[in-house]
Amino acid sequence: MTLTGSSVPKTLTGDQVARGVDFVWDLSRADSRVSLTLTHVRSRDTFSTGWSVPSPVTPGEPRHIAWRWDGKDVEFPDLKLPARNGEYEWKLTASPDDGIGPDLVTTGRFTVTRPAAPHDYDDDGTADLLVRRSDGVLWRASTRPTAPGGSLTGTGSGRIGSGWGIYDRLESVGNIAGTTAPDVLARDRSGVLWLYQGTGDRDKPLAGRTKIGGGWQIYNELTGGSDLTGDGRADLVATDKSGDLWLYKGTGSATAPFAARKKIGTGWGIYNQLTATGNLAGGPAGDLVARDKAGVLWLYLGKGDGTFAARTKVGGGWGGLGELIGVGDANGDGRPDLIGGSTFFAGTGNWAAPFKPGTATGISTGERAF
C-alpha cells in the first residue's frame with residue numbers, strides 16, 4: 001500500500017480552523033484499517049481516531065479517503081474548546097485487511113496562527129480571565145463567544161498556582177515584554193512591582209516573576225494594555241494619591257518594561273477605577289474608561305501621543321459591578337469589549353455609545369478578577 005496523493009493544510013488561520021478543515025489522502029488500494037493521530041507539538045496533547053476503508057467493487061482500485069477536523073482542541077475534544085495556536089503533527093497509518101504487505105505510515109505538519117490577543121492566556125484565540133480566590137490561589141477562567149458579536153460563556157478553569165495573596169494589586173496588561181502572550185503586573189504590599197511574562201502555555205500560562213522596581217505604593221490605580229502612544233507597544237497609566245495621572249511608556253523589554261514616567265493629567269482622584277480598553281472607537285490609539293465614586297463611567301479617547309481628549313459620559317449605574325476588565329475583543333466581532341463582575345458589555349465602535357447593554361455571562365469571578 002502506498003500514498004498516491006494528498007490534500008492537507010500547511011498553515012491555517014483562526015477563521016479557517018473555526019469553520020473546520022478537510023484532510024484528504026489517496027491510497028493505492030482500499031480494504032484497509034486507518035488510524036489517525038493529531039498532536040499539538042508544544043504540549044504533546046494528542047487526539048486519535050480510526051475507521052475502516054471498505055473494499056472497492058473492483059479489486060485493487062485506489063481509494064480516496066477524507067477526514068474533517070472540527071477545529072477543536074485536541075486535549076479536551078468533548079469540551080469543544082478552540083484549537084490552540086502553534087504547530088500540529090498528523091500521523092496516518094493504514095493497515096491492509098488481508099495482512100499482505102507492510103502498513104503505510106505517513107506524517108505531516110501544519111501551523112495554526114492567530115493574531116495576539118490581550119487576554120488570551122492559553123493561546124486558543126479566546127479571552128481568559130485571571131481570578132485570585134480568597135485563599136491566594138490564582139486561576140485561569142476560559143471563555144468563548146456564544147455567537148460572533150454576542151455575549152460570552154465560560155468554558156472551564158485551570159489552576160495557575162498559590163501564593164498570590166502577597167499582592168495588593170494585580171493587572172493584566174497585554175504584551176509589554178516583547179512576546180506574543182499577555183503579561184501580568186503584580187504589586188506587593190511593600191510597593192515593589194513585579195512582572196510575570198505570559199507563556200501561551202495552557203498548563204503554565206505565566207513564567208516566574210521579574211522585579212521591575214520599588215516605590216509603586218504611591219499609586220491608587222494602575223491599568224495597562226492599551227497602546228496609548230501609537231508605537232505598537234502596550235503602555236501603563238497610574239494615578240497617585242494627589243490625583244495626578246502618569247504615563248509609563250512601554251519599551252518592549254522584559255527587564256525594563258517602562259520608560260521614565262511622564263505626567264499627563266491632574267484631577268484624576270475622583271475615580272475609583274481606571275481601565276485600559278484598547279481602541280474602543282476607531283481613533284488613533286488606545287482609550288481609557290474611568291468610573292467615578294458615584295458610579296458614573298466616563299470615556300477618554302486616546303490621541304495617540306499619550307494624552308486624551310476631553311471625557312465623555314458613558315452612563316451611570318456602573319458602581320455595583322466590581323472590577324471593570326478591558327478584555328479585548330472577546331466576542332469575535334473585531335471591537336474591544338468590557339467585563340464588569342459577571343456582566344459582559346460588547347463594544348460598538350461608536351465613541352458616543354461605546355457599549356451595548358450588558359448581558360449576564362454566568363461566569364463567577366470570585367474575589368479579584370483581572
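What follows is a walk through two sheets, some aromatic pairs and one buried asparagine in a predicted model.

Sheets come up first. Strands of a sheet pair through backbone hydrogen bonds, and they can do this in a parallel or an antiparallel way. One open sheet here is built from 4 strands, lined up in the order β11-β10-β9-β28, and its pairing is antiparallel. At its edges are β11 (152-161) and β28 (368-369); each has a single partner strand, so one side of each goes without a neighbour in the sheet. Zooming in on one of the pairings, β9 (residues 128-132) and β28 run antiparallel and are joined by 2 bridges. This is where R132 is found opposite R368 of β28.

A further open sheet also has 4 strands with antiparallel pairing, this time in the order β12-β13-β14-β15. Its edge strands, β12 (167-172) and β15 (206-213), each pair on one side only. The strands of this sheet don't line up perfectly: neighbours are turned by 25° against each other on average, with direction ignored. Between β13 (residues 184-188) and β14 (residues 193-198), which run antiparallel, there are 4 bridges. A186 has W194 in β14 as its bridge partner. W194 turns up again in another role, as the charged end of R209 sits over the ring of W194, 3.5 Å from the ring's centre. A similar arrangement involves R311, which lies over the face of W298 at 3.5 Å from the ring centre.

Now for the aromatic rings. A pair of them is described by how far apart the centres are and by the angle of the planes. Searching the whole structure turns up 22 aromatic pairs. One of them is F47 with W67, a stacked pair with 6.4 Å from centre to centre and 20° between the planes. F47 belongs to strand β5 (residues 45-53) and W67 to strand β6 (residues 63-69), so this pair ties together parts that are 20 residues apart in sequence. How buried or exposed is F47? With a relative accessibility of 26%, F47 counts as partly exposed, because the partly exposed class starts where buried ends, at 20%. W67, at 14% relative accessibility, counts as buried.

W69 and Y88 make a tilted pair, with 5.5 Å between the centres and 55° between the planes. Here W69 sits in strand β6 and Y88 in strand β7 (residues 86-96), so the pair ties together parts that are 19 residues apart in sequence. Both W69 and Y88 are buried. These four residues also belong to a wider group: ring pairs link F23, W25, F47, W67, W69, Y88, W90 and F110 into a cluster.

The last stop is N331, in the loop between β24 (324-328) and β25 (337-340). Although N331 is in a loop, this residue is buried, with a relative accessible area of 0%. What does the side chain of N331 reach? Its target is the backbone nitrogen of D333, at 3.4 Å. Setting aside neighbours within four places in sequence, N331 is in contact with a list of residues that includes P145, A147, P148, G149, G150, S151 and L152. Also among the contacts of N331 are D337, F344 and A346.

Note on methods
Residues numbered from 1 in each chain as written. Predicted model: local features only at pLDDT ≥ 70, side-chain atom pairs only at ≥ 80, totals over all residues. Heavy atoms only, no water. Pairing = 2+ DSSP bridges. Axes fitted to C-alpha atoms, helices over the stretch in contact; angles between N-to-C directions. Phe/Tyr/Trp six-rings, centres within 6.5 Å; stacked < 30°, edge-to-face > 60°. Buried < 20%, exposed > 50% of the residue type's maximum accessible area, 1.4 Å probe, protein only. Lys NZ or Arg CZ within 6 Å of the ring centre and 35° of its normal. Polar contact = N/O pair within 3.5 Å; in protein donor to acceptor, adjacent residues only side chain to side chain. Contact = heavy atoms within 4.5 Å.
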